[in-house]
Amino acid sequence: MASQNDIALVLKRSKQKHAVDPIRELNRLVGELQRAEAIQPDEAFILWFIRSHLIENDEISRNCLTRRGNEKGVDALYIDHAPRQVNLIQGKYRLQNVGKPEKIQDVLQLAHYGPLLTGNGDGVTKWTESIDVSIKEKLKEAWRLIRHKEYGLNLYYVTTGSISRAILRNAED
């Protein structure tokens, strides 16, 4: 007859055999989105984040993607009117070198957008001068809602890399 220890060992081994590797599962989900939406892997990664954390609606989430060449690090913008929130998303999706540290300038670029979107408007005007027209209008609308309608601002840096605590502290300051 099997002892409790034997049963526990079998269960542990069974769980190990069937444990889901989170990176492999993420890559699978991103791949499915990439094929279904006919988009690039990095866009599919951002879309996965939006749908799993912000809004499940396919059409609305798809329209959040910037998909432009000159978006200055703004990979997606989602304005959620019910809780009065503006969500700005920048992402780095790595198929190779998962866990690789992110560069400080990439993380700080996103952090820099906070003061621009909550400021008096001069910074947004200058920032959006050379940005794609469709994104420019979305960013101006985001600024208007934050400044005049008291919307909150959430900045998301989504990555399969890593961010050091020092960089995080620097970005939060």
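Start your tour by selecting alanine 38, the residue that follows helix α2 and has a positive phi, near 55°. Keep in mind that you are looking at a predicted model.

**Along α2**

From Ala38, step back into the helix and select residues 22-37, which make up α2. A quick check on its length: at 1.5 Å a residue, these 16 residues should span 22 Å, and the end C-alpha atoms are indeed 22 Å apart, so the two values agree.

Go to the start of α2 and show the side chain of aspartate 21. One of its side-chain oxygens comes to within 3.2 Å of the backbone nitrogen of isoleucine 23.

Now colour the helix by burial. Which residues of α2 are buried? They are Leu26, Val30, Gly31, Leu33 and Glu37. These residues cover an arc of only 165° around the axis, and therefore sit on the same side of α2. A general point helps here: an α-helix has 3.6 residues a turn, so residues three or four places apart point the same way.

Turn to the other side of α2 and you will find Arg24, Arg35 and Ala36 exposed. To see what the buried residues pack against, add α3 (41-53) and α4 (58-64) to your view.

**The largest nonpolar core**

Next, select Val86, Leu88, Tyr113, Leu117, Trp127 and Leu139. Within the largest nonpolar core, which has 22 residues, these touch the most other members. Which elements give two or more residues to this core? Show β1 (76-80) and β2 (85-92), then α5 (104-118), α6 (122-127) and α7 (133-148). The largest share, six residues, comes from α7.

Zoom in on valine 86 and display what surrounds it. Leaving out residues up to four places away in sequence, Val86 touches Leu77, Tyr78 and Ile79, then Ala142 and Ile146, and finally Tyr151, Gly152, Leu153 and Asn154. Apart from this core lies another, of 19 residues; Val30, Ile39, Cys64 and Ala76 are among them.

**One residue along: asparagine 87**

For the last stop, select asparagine 87, which is in strand β2. Is this residue buried or exposed? Its relative accessible area is 3%, and buried means under 20%, so Asn87 counts as buried.

What does its side chain make a polar contact with? The partner is the side chain of asparagine 154, at 2.9 Å. To finish, display the other neighbours too: not counting residues up to four places away in sequence, Asn87 touches Leu54, Ala76, Leu77, Tyr78, Asp80 and Tyr156 as well as Asn154.

Notes: Residues are numbered from 1 along each chain as its sequence is written. This is a predicted model: local features need pLDDT of at least 70, side-chain atom pairs count only at pLDDT 80 or more; totals for chains, interfaces and linings use all residues. Side-chain values use heavy atoms; hydrogens and water are left out. A nonpolar core is a set of buried Ala, Val, Leu, Ile, Met, Phe, Trp, Tyr and Cys residues joined through side-chain atoms within 4.5 Å. Buried means under 20% relative accessible area, exposed over 50%, partly exposed in between (1.4 Å probe, protein chains only). Helices (H or I, at least four residues) and strands (E, at least two) are DSSP runs, numbered from the N terminus. Contact means heavy atoms within 4.5 Å. The expected span of a helix is 1.5 Å times one less than its number of residues. The arc is that of the directions from the helix axis to the C-beta atoms. A polar contact is a pair of N or O atoms within 3.5 Å; within protein, one must be able to donate a hydrogen and the other to accept it, and residues adjacent in sequence count only if both atoms are side-chain atoms.
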